[in-house]
Amino acid sequence: MTARSQVLSLSRQARSALVLFIKDIGQGLLVVSHNTLALLGFAVVAVGIIFASQADMRQQVENQVLGWLNARHEARVEASGDVLALMAEPEAITRATAVDPKELTRQQAAVAQYLARRYRVAPEPVSRLVKEAWDVGQRARVDPTLILAIMAIESGFNPFAQSSVGAQGLMQVLTRVHDDKYEAFGGNLAAFDPITNLRVGVQVLKECIQRAGGVDEGLRRYVGAANLPDDTGYPARVLAEQELLKMVIQGRNVSPSAPRPVREPASSPQPTGEQVAMMH
């Protein structure tokens with residue numbers, strides 16, 4: 001064999017060895033990668049199984065992620081200067097004591113519009129109170145115009161009103177005397193919820209009328225004048241306001257600034273010593 005042939009033979013052997021070496025290396029890397037991916041897959045599956053079986057852990061991770069996202073969002077909104085966006089609460093409308101006057105009956109809508117003009121309040125919340133007065137009045141068998149007249153005289157439809165002796169809300173219920181009636185509504189602070197105050201006030205009014213045997217004397221008891229020589233004309237003012245509302249229901253043209261009809265004060269009853277329902 002010549003030297004040239006030997007050189008060519010060695011060259012071919014070297015290439016074959018190099019090809020074999022590269023092939024072995026490639027196969028080795030392929031096996032290692034397959035094994036690594038398999039191990040990684042097993043690890044992911046194991047973590048997923050553990051995560052899925054641990055509700056508390058899942059909830060905690062979700063809360064952390066959600067908190068982080070909310071914090072990022074709030075930071076961006078705060079940087080933009082849009083403070084209102086940080087306090088957005090789409091469900092707030094469910095807390096509003098309001099209703100479209102168009103949803104009322106003709107008589108109810110007329111009363112609501114009249115009261116809104118007379119006491120300079122928005123028609124939507126007054127409409128809600130008018131509707132509630134009709135509903136509760138029907139259940140309690142109390143004239144809804146009487147309920148609305150009491151609210152007008154007592155608070156002028158201010159749900160946050162409070163007298164010097166602690167009578168509170170639309171119908172000025174003496175909360176500390178009737179705290180038991182607020183238990184069904186979550187406690188005494190419900191006195192400042194207009195609908196709750198109306199419902200409790202109607203119950204107090206009904207009890208006063210039943211005990212007194214009539215509306216006039218019931219109003220004296222309601223205001224706490226059942227055992228006083230002077231009722232300060234309270235029943236007369238309430239009943240005069242009720243007369244105006246009845247006129248509105250009848251379709252008569254009543255000016256919001258119309259003076260209240262004059263009525264003689266009710267005669268003073270004999271003291272009974274019973275605990276009064278309301279006091280001013």
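1. R141 is found in the loop between α5 and α6. In this predicted model, phi of R141 is near 60 degrees, a positive value in a residue other than glycine. Most residues other than glycine have a negative phi. The side chain environment is open: R141 has a relative accessible area of 79% and is exposed.

2. A second residue invites the same check of the backbone. T232 is not a glycine, yet its phi is positive, at about 55 degrees. T232 belongs to the loop between α9 and α10. With a relative accessibility of 54%, T232 counts as exposed, because the cut-off for that class is over 50%.

3. Positive phi values also follow two of the helices. After α6 comes G156, with a positive phi near 60 degrees. After α10 comes G251, and here phi is positive and near 90 degrees.

4. Helix α6 covers residues 144-155. From its first C-alpha to its last, this helix of twelve residues reaches 16 Å, close to the 16 Å expected at 1.5 Å a residue. How many residues of α6 are buried? Twelve of the twelve are, so α6 is largely enclosed by the rest of the structure. The buried set runs from P144 and T145 through L146, I147, L148, A149, I150, M151, A152 and I153 to E154 and S155. Around these residues pack α4 (106-118), α5, α8, α9 (215-223) and α10 (234-249).

5. Helix α10 has 16 residues, which should span 22 Å at 1.5 Å a residue; the end C-alpha atoms of α10 are 23 Å apart, in agreement with that value. Twelve of its 16 residues are buried, and α10 is therefore largely enclosed by the rest of the structure. The buried residues of α10 include Y234, P235, A236, V238, L239 and A240, together with E241 and Q242. Further along α10, L244, L245, V248 and I249 are also buried. Among the elements that cover the buried residues of α10 are α4, α5, α6 and α9.

6. Two packed helices are described by the angle between their axes and the distance between the axes. For helix α5 (residues 123-140) and helix α8 (residues 194-212), the axes come within 10 Å and cross at roughly 35 degrees. The crossing of α5 past α8 is right-handed. On the α5 side, the contact is made by R128, L129, E132, A133, V136 and A140. On the α8 side, P194, I195, L198, R199, V202 and K206 take part. By class, this contact between α5 and α8 has eight nonpolar and four charged residues, and no polar ones.

7. The structure holds seven salt bridges. Side chains of opposite charge can pair when their charged atoms come close. One of the salt bridges joins R128 and E132, whose closest N and O atoms are 3.0 Å apart. These two residues are four apart in helix α5, so about one helical turn separates them. An α-helix has 3.6 residues a turn, so residues three or four places apart point the same way. R128 is partly exposed, with a relative accessible area of 22%, whereas E132 is buried at 5%.

8. Helix α5 carries another salt bridge, between K131 and D135, with 3.3 Å between the closest N and O atoms. Because K131 and D135 are four residues apart in helix α5, they too are separated by about one helical turn. K131 counts as partly exposed at 34% relative accessibility, and D135 is partly exposed with a relative accessible area of 32%.

9. Which elements does the salt bridge of E207 and K181 tie together? The side chains of these residues meet at 3.5 Å, N to O. E207 lies in helix α8 and K181 in helix α7 (residues 179-182), so the pair links parts that are 26 residues apart in sequence. Both E207 and K181 are buried. As for linked pairs, R128, E132 and R199 are joined into one network by salt bridges that share partners. These three residues are also among those that make the contact between α5 and α8.

Definitions and conventions
Residues are numbered from 1 along each chain as its sequence is written. This is a predicted model: local features need pLDDT of at least 70, side-chain atom pairs count only at pLDDT 80 or more; totals for chains, interfaces and linings use all residues. Side-chain values use heavy atoms; hydrogens and water are left out. Axes are lines fitted to C-alpha atoms, for helices over the stretch in contact, and angles run from 0 to 180 degrees between N-to-C directions. A crossing is left-handed if the near helix is turned anticlockwise from the far one by less than a right angle, and right-handed if clockwise. Contact means heavy atoms within 4.5 Å. Ala, Val, Leu, Ile, Met, Phe, Trp, Tyr, Cys and Pro count as nonpolar, Asp, Glu, Lys and Arg as charged, and the others, Gly among them, as polar. A salt bridge is a side-chain nitrogen of Lys or Arg within 4 Å of a carboxyl oxygen of Asp or Glu. Buried means under 20% relative accessible area, exposed over 50%, partly exposed in between (1.4 Å probe, protein chains only). The expected span of a helix is 1.5 Å times one less than its number of residues.
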